[in-house]
Amino acid sequence: MSKIDLNTFNLLKETTGADFISELIDSFLEDAPNLITQMRSALANTDADSFRRAAHSMKSNAATFGAMELSALARELEIFGRDKNLKIGNRLDVMEESFHQTANQLKKLKA
Amino acid sequence: MTAIPEPAKLLVIDDNKVNRIVLSRSLEQQGHVVETAENGEEGLKKIRTQSFDLVLLDIEMPIMDGFQVLEACLNDVDLRQIPIIMTSAMEELDAVVKCVELGAEDYLTKPVNPILLRARINASLEKKRLRDEHRKLFRTFATKEVAEELLRTGFSLGGKNVTASVLFADIRAFTTIAESQEPSETIDLLNGYFSLMFDAINNNGGSVNQMVGDGLMAVFGAPLFIEEHRELAVRAALEMLDQLKVFNIQQAAQNKTQIHIGIGIASGNMIAGYTGTQSRAIYTCNGDTVNLASRIESHTKVALRPLLIDHNTRMGLSDSYHLEDLGPALFKGKQHPVNIFSVSR
């Protein structure tokens, strides 16, 4: 199943220019693992605010590319962080898995 | 007909790199020049040191968030007129509402829809252009201080008590001058004269708020209080007389009429505010001090000195002026005599 909403993705491509989209994908793929790392260490340090902020960025970036599932999962974690509740179960692992699948599809769309 | 929008200089403040790139790229595609900042602090620094037509501001940011940047801009007279569009996630609408209530121009939800982006940016730029024109127009018909005060607080009739200095200036024997030459020549003469006098007054922080025929009235220290209003008024008067000397030399060289003026200054409490009607009003000052300044100006004809001031004004002067104590003089409407001084370089 596609992780990317192609309508959103194509609109983005049109807006920023087709030649530019791969640069944009690269900066997302470069940045997202840092956000996941930030979320993991925030969990370890019980830093709800840092957790929330990283989840917020992930949510926002995923939505930009039309990665709706990833965005929704990140959004859920952002709410946990906002509520200062870091009992998130395996939700971060689920989100990370969704990110890897999203990343694979984005790499294909780049080509 | 849709006007082709002028390219504008925009600032995108967002801590998220992808957002920053998408926004700045989209805006560049629309023909604008775009600068970016990674957090509120960096953004505010850029707003203060460069000039932008519009700012796109993220709310959720580390170091200094969008609220803080917005408030800092709104509290700064010089930055207040830059339109700020908040950019936020859909779920942050509560925060957005708060920003719009505070004074943000508009908002956009992320991910930004390019058509909406274009429409909002162009609408905001157009509004800013109209406001700038408005401001320019205000400044033509009112002084800068009054224009800013009006733009800030809105217009309402009514006055408040202020401590300030009032200056009256009048051309000697103007009726004779006007009768002896063509009306167009008189208008030219007046325009040349007024523009020099306005410069001298504005250069010293004063504002002209009335012109009647060949006379003018200026205020120092209102609507914005200035501690040195008395000294500034006297300095302006001396500059006016200096300017007039040069003006007269030029007039003489062209075989044209020369002008002589009398200036009177009084300082103290007065009522300042807008008088008139809701549709036509001027910013002016009233009260005893204002009447006294006018009487002192008339007194220059009797005292045969071009610049006279009251005792109160004299008390605000440093030692660097050449003062001549003319003693007490009795003025119409005043129960007690007033000490008058003549000032020269």
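## Chain A: burial and overall form

Of the 111 residues in chain A, buried residues make up 50%. This and every other value here refers to a predicted model. The exposed area of chain A comes to about 5300 Å², of which carbon and sulfur atoms supply 50%.

For a chain of 111 residues, a compact globule would be expected to have a radius of gyration near 13 Å, and the 14 Å of chain A agrees with that expectation. The C-alpha trace of chain A spans about 40 × 25 × 20 Å along its principal axes.

## Chain A: secondary structure and contacts

Chain A contains five helices and zero strands, so that its elements, read from the N terminus on, follow the order α-α-α-α-α. When contacts in chain A between residues at least 6 apart in sequence are considered, 67% of them join residues at least 24 apart.

## Chain B: the two sides of helix H2

In helix H2 of chain B, which covers residues 40-49, the buried residues are Gly40(B), Gly43(B), Leu44(B), Lys46(B) and Ile47(B). Because these residues cover an arc of only 160° around the axis, they lie on the same side of H2(B). Lys45(B) and Thr49(B), by contrast, are exposed on the other side of H2(B).

The buried residues of H2(B) pack against four elements of chain B, namely strand S1 (9-13), strand S2 (33-37), strand S3 (54-58) and helix H3 (66-74). At the N-terminal end, H2(B) is capped by Asn39(B), a side-chain oxygen of which lies 3.0 Å from the backbone nitrogen of Glu41(B).

Definitions and conventions:
Residues are numbered from 1 along each chain as its sequence is written. Chains are lettered from A and ligands numbered from 1 in the order in which they are written. This is a predicted model: local features need pLDDT of at least 70, side-chain atom pairs count only at pLDDT 80 or more; totals for chains, interfaces and linings use all residues. Side-chain values use heavy atoms; hydrogens and water are left out. Buried means under 20% relative accessible area, exposed over 50%, partly exposed in between (1.4 Å probe, protein chains only). The arc is that of the directions from the helix axis to the C-beta atoms. Contact means heavy atoms within 4.5 Å. A polar contact is a pair of N or O atoms within 3.5 Å; within protein, one must be able to donate a hydrogen and the other to accept it, and residues adjacent in sequence count only if both atoms are side-chain atoms. The radius of gyration is taken over C-alpha atoms; the globule rule is 2.2 Å times the number of residues to the power 0.38. Accessible areas come from the Shrake-Rupley method with a 1.4 Å probe; for residues, only the protein chains shown count as cover.
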